[in-house]
Amino acid sequence: MVEFCGWEMPVLYTSLSEEHKATRASAGLFDICHMGQVAVTGPGAEVFLQSITTNDVSRLKPGQMQYSTLPAPDGTLFDDIIVTRLVPTTDFLVVVNAANTDEDVAWMRQQAEKFEAEVEYRPAGMLALQGPASDKILTKLVGPGLDQVPYYHLVPAEIEGVNCLLSRSGYTGEDGFEICLPNDSTLKVWEALVAAGKPEGLVTVGLGARNTLRLEMGYALYGHEIDRTTNPLEAGLSWVVKLDKGPFVGRQSMVAVKGMGLKRQLVGFEMVDRAPARDGYKVVDASGKEIGYVTSGAPSPTLGKNIGMAYVPSGQAAMGTELLIQIRNQPAKARIVPRPFVPSRVKKNK
Amino acid sequence: MTVPADLKYTESHEWVRLQGKEATVGITAHAVQAIKDIVFLELPKAGASFEKMKPFGVIESVKAVFDLNAPLGGKVTAVNTPLQDNFADLQADPFGKGWMIKLEVGSTDTSHLMDATAYEKFCENEHH
């Protein structure tokens, strides 16, 4: 067990590789109770969220979820988040990262003063069931009809008599579900999922494999690809930055950054030389000068290759470009490759 | 778990077998089991010299990088090079075929290392 942002969490239950591969082959069950669940309500909730997030909240239909970011006034990021419109349609659920929950909530409360909106942190449980067998396993507990829940949509559901919010979403690139539920019922639902999943090959998965699974998809992790020094454009998140939706926090800075052109960009790479590159290793030029850094790097259990993501100067961010990464006392060769590293198998709508 | 009685051990889970001035070095079965997903091993070249308890190489799991420390100081005379590309011997026979390097040691003083009994106790305590 390790302490992670004040939560006692296992890095692995059995073996990181086994947990990783089982999630891709059948199903993995993740305890993600550390994620912060924040309720935003009131007649001004939509306008408020529109003003503090980068994606376009007005596009959300009831039950629909949206990946977005929470920018600071300087255009860097406080967090990446998922915004869901609930019923009534003035109610929203915002899921934030564990490490940022306190700061996010404080920032949101402060900003909400100008709006008819309430921000309330609601400690609750959250589980993720991920992998190709997820649908079959969950159907055993909730009955038929999961095919009516499209990707990035959330519905109320009852599991083992517990009222939950169930969504088709996740952080692994596999089909799967995330379940928000009351803290005191989390263990009961966890055990029911383990029992229902066992015949299908379900394993319980720790933080270690959660990280390698998301890395294979090229998904950003706060504190690595994005933080208070990065803007979402260079992080490749321009698809969730709607500069034309109207004013929002950090918009001016992002418009300026876009106007000047990006100095650096996040790229995916695979190692050509043998050693794995790890988080924080330097990207260097031929003379050994630092020109960037690795944000996340690890061996990919699916590919059997060493992969990672790095910030590099925009002039050297083209696909196929060779990079040098300083590994201990020598530079090692890597090559820029497309992301995701492993094809996504999420059930995209239509 | 087997901990051979004729070897000396470090707190970072290396073992050393001293025969005269020649020291054979590897990592223990306990270490191999703890690392689990071994994905990378980097050993030094013959001729390199290392001070006692300083890193002579690295071993990596999917999750992390671990230094390999030289239990005794000396010059590398032999390297189990094939081990770097195939971890099977390391996993199956860490105290035998899974050896890593041989050193010609300066000092044969092993008073800073643990014997098998002490190492076994050390591993037990590490778990609690």
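**Salt bridges in chain A and the overall build of chain B**

Counting over all chains, we arrive at 22 salt bridges, and I should say at once that the model we are looking at is a predicted one. I would like to go through a few of these pairs in chain A, then turn to one helix of that chain, and finish with chain B.

Let me begin with A:Arg24 and A:Glu174, which form a salt bridge whose closest N and O atoms are 3.0 Å apart. A:Arg24 sits in helix H1 of chain A, residues 16-25, while A:Glu174 belongs to the loop between strand E11 (162-167) and strand E12 (176-181), so this pair ties together parts that are 150 residues apart in sequence. Both partners fall under the 20% limit for buried residues: A:Arg24 has a relative accessible area of 9%, and A:Glu174 has a relative accessibility of 4%.

The second pair is A:Glu200 with A:Lys136, where the side chains meet in a salt bridge at 3.2 Å, N to O. Here A:Glu200 lies in the loop between helix H5 (186-197) and strand E13 (202-205), and A:Lys136 lies in helix H4, residues 134-142, so the parts tied together are 64 residues apart in sequence. A:Lys136, at 51% relative accessibility, counts as exposed.

The third pair links two strands of chain A, and which residues make it? The side chains of A:Arg335 and A:Glu270 meet in a salt bridge of 3.4 Å, N to O. A:Arg335 is in strand E19 (residues 330-337) and A:Glu270 in strand E14 (residues 264-271), so the pair joins parts that are 65 residues apart in sequence. The arginine of this pair, A:Arg335, is partly exposed, with a relative accessible area of 35%, whereas A:Glu270 is buried at 16%. Coming back to A:Arg24 and A:Glu174, these residues are joined with A:Glu216 and A:Arg345 into one network by salt bridges that share partners.

A:Glu216, from that network, also brings us to helix H6 of chain A, since it is listed among the buried residues of that helix. H6, residues 207-217, is mostly covered, with ten of its eleven residues buried. Besides A:Glu216, the buried set includes other charged side chains, A:Arg210 and A:Arg214, together with residues such as A:Leu207, A:Leu213, A:Leu215 and A:Met217. After the helix comes A:Gly218, which has a positive phi near 70°.

Now to chain B, for which I have only overall descriptions. Its secondary structure amounts to three helices and nine strands, and, read from the N terminus, the order of elements is β-β-β-α-β-β-β-β-β-α-β-α. For 128 residues a compact globule would have a radius of gyration near 14 Å, and the 13 Å of chain B agrees with this. Along the principal axes, its C-alpha atoms fill a box of roughly 35 × 35 × 20 Å.

As for packing, 47% of the 128 residues in chain B are buried, and of the contacts between residues at least 6 apart in sequence, 63% join residues at least 24 apart. The area that chain B exposes is about 6300 Å², of which carbon and sulfur atoms supply 50%. Finally, how far apart are the mean positions of the positive and negative charges in chain B? For its 12 positive and 18 negative charges, those mean positions are 3 Å apart.

Terms used. Residues numbered from 1 in each chain as written. Chains lettered and ligands numbered in written order. Predicted model: local features only at pLDDT ≥ 70, side-chain atom pairs only at ≥ 80, totals over all residues. Heavy atoms only, no water. Helix = DSSP H or I, 4+ residues; strand = E, 2+ residues; numbered from the N terminus. Rg over C-alpha atoms; globule rule 2.2 N^0.38 Å. Buried < 20%, exposed > 50% of the residue type's maximum accessible area, 1.4 Å probe, protein only. Contact = heavy atoms within 4.5 Å. Areas by Shrake-Rupley, 256 points an atom, 1.4 Å probe, with all protein chains shown as cover. Lys, Arg positive; Asp, Glu negative; His and termini not counted. Charge placed at Lys NZ, Arg CZ, Asp CG, Glu CD. Salt bridge = Lys/Arg side-chain N within 4 Å of Asp/Glu carboxyl O.
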